[in-house]
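Welcome, and thanks for taking a look at this one with us. Please have the sequence and the 3D view ready as you read.

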Amino acid sequence: MPCFEVFMLQKLLSYTRRCVEDYDMIHAGDRIAVGVSGGKDSLSALRALAALSHFYPESFTLEAVTIDMGFPGADFTAIADYCAALGVRHTLVPTRLKELIFDVRQEKNPCSLCANMRRGALHKAALSLSCRKVALGHHWDDAVETLLLSQFYEGRISCFRPVTYLDRMDITLIRPMLYVPEPLLRSFARREVLPVLPPLCPKDGHSKRSEVKSLLQTLRRENPGLPERL
């Protein structure tokens, strides 16, 4: 691996390990299902955790899980090949979520329902693989955007937590990428040539989160340091 790519991976690992240690996310013997959608965030999370597993003092095992929404033309071969190259078993879970959400229910604002149903399918798959922890690829910018979304559209101050225990399923969600800024992930995905899949969802780029992301970029340009203060 060229020197700059090594530097990028080390930087990603630095953020990831600090977050894992700050929130006591991983313990010896953990089996962790990594939700791999095919986007840059989840693939970077898988790469970072796979690298971390080689030297972290608490030994843990990874499983990669992809939820197939059922969109026509979806091809996860490159994802499976990448997981194999990392030495991580990949499980593809076929669903009819696209049909249910977009064809049957014809949801005009499907994002929340879609996220909940995908998460449910991921949790079920994790349990079938004997994984009691699920790693998600949410990063630092996601947290800031979620904070603004909750204030703008729900009238409350709220955000997801670094570690969340779901007692009904006996699963713990961890977000080890929470310290990682999105620009670093974009650069890492490009330099590492991650097999990022093209977006298939018709709402991609047209959601409330996309609007908040665009607003945040404008605010960042006009008010340097504002996202950090948020």
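The report below starts with a strand and its neighbours, then turns to a helix pair, an aromatic pair and two loop residues.

This is a predicted model, so please read every value here as computed from it.

**A strand and its partners**

Let us begin with strand E1, which spans residues 30-35. Is E1 largely enclosed by the rest of the structure, or is it open? Five of its six residues are buried, so the rest of the structure largely encloses E1. Two pairings of this strand are worth following in your viewer. The table sets them side by side.

| Partner of E1 | Residues | Sense | Bridges | A bridge pair to find |
|---|---|---|---|---|
| E2 | residues 60-68 | parallel | six bridges | Gly-35 with Val-65 |
| E4 | residues 133-135 | parallel | three bridges | Val-34 with Ala-135 |

If you follow the chain here, E1, helix H2 (residues 40-52) and E2 together make a β-α-β unit, and it is right-handed. A general point may help when you look at the strands: in a regular strand, side chains alternate between the two faces of the sheet.

**The helix of that unit and its packing**

H2 also packs against helix H7, which covers residues 182-192. Their axes lie 10 Å apart and meet at an angle of about 75°. Angles of 65 to 115 degrees count as roughly perpendicular, and H2 and H7 are therefore roughly perpendicular to each other. Which residues of H2 meet H7? They are Lys-40, Asp-41, Ser-44 and Arg-47. On the H7 side, the contacts involve Glu-182, Leu-185, Arg-186, Phe-188, Ala-189 and Glu-192.

**An aromatic pair**

There are four aromatic pairs in the structure. One of them joins Tyr-56 and Phe-60, with 6.3 Å between the ring centres and 70° between the planes, an edge-to-face arrangement. Both Tyr-56 and Phe-60 are buried.

**Two loop residues with positive phi**

Most residues other than glycine have a negative phi. Against that background, two aspartates deserve a quick look. Asp-24 is not a glycine, yet its phi is positive, at about 50°. You will find Asp-24 in the loop between helix H1 (3-22) and E1. Asp-170 also has a positive phi, near 55°, and sits in the loop between strand E5 (163-166) and strand E6 (171-174). Is Asp-170 buried or partly exposed? Its relative accessible area is 35%, so Asp-170 is partly exposed.

Key: Residues numbered from 1 in each chain as written. Predicted model: local features only at pLDDT ≥ 70, side-chain atom pairs only at ≥ 80, totals over all residues. Heavy atoms only, no water. Buried < 20%, exposed > 50% of the residue type's maximum accessible area, 1.4 Å probe, protein only. Helix = DSSP H or I, 4+ residues; strand = E, 2+ residues; numbered from the N terminus. Pairing = 2+ DSSP bridges. Right-handed = clockwise from strand over helix to strand, strands pointing away. Phe/Tyr/Trp six-rings, centres within 6.5 Å; stacked < 30°, edge-to-face > 60°. Axes fitted to C-alpha atoms, helices over the stretch in contact; angles between N-to-C directions. Parallel < 35°, antiparallel > 145°, perpendicular 65-115°, else oblique. Contact = heavy atoms within 4.5 Å.
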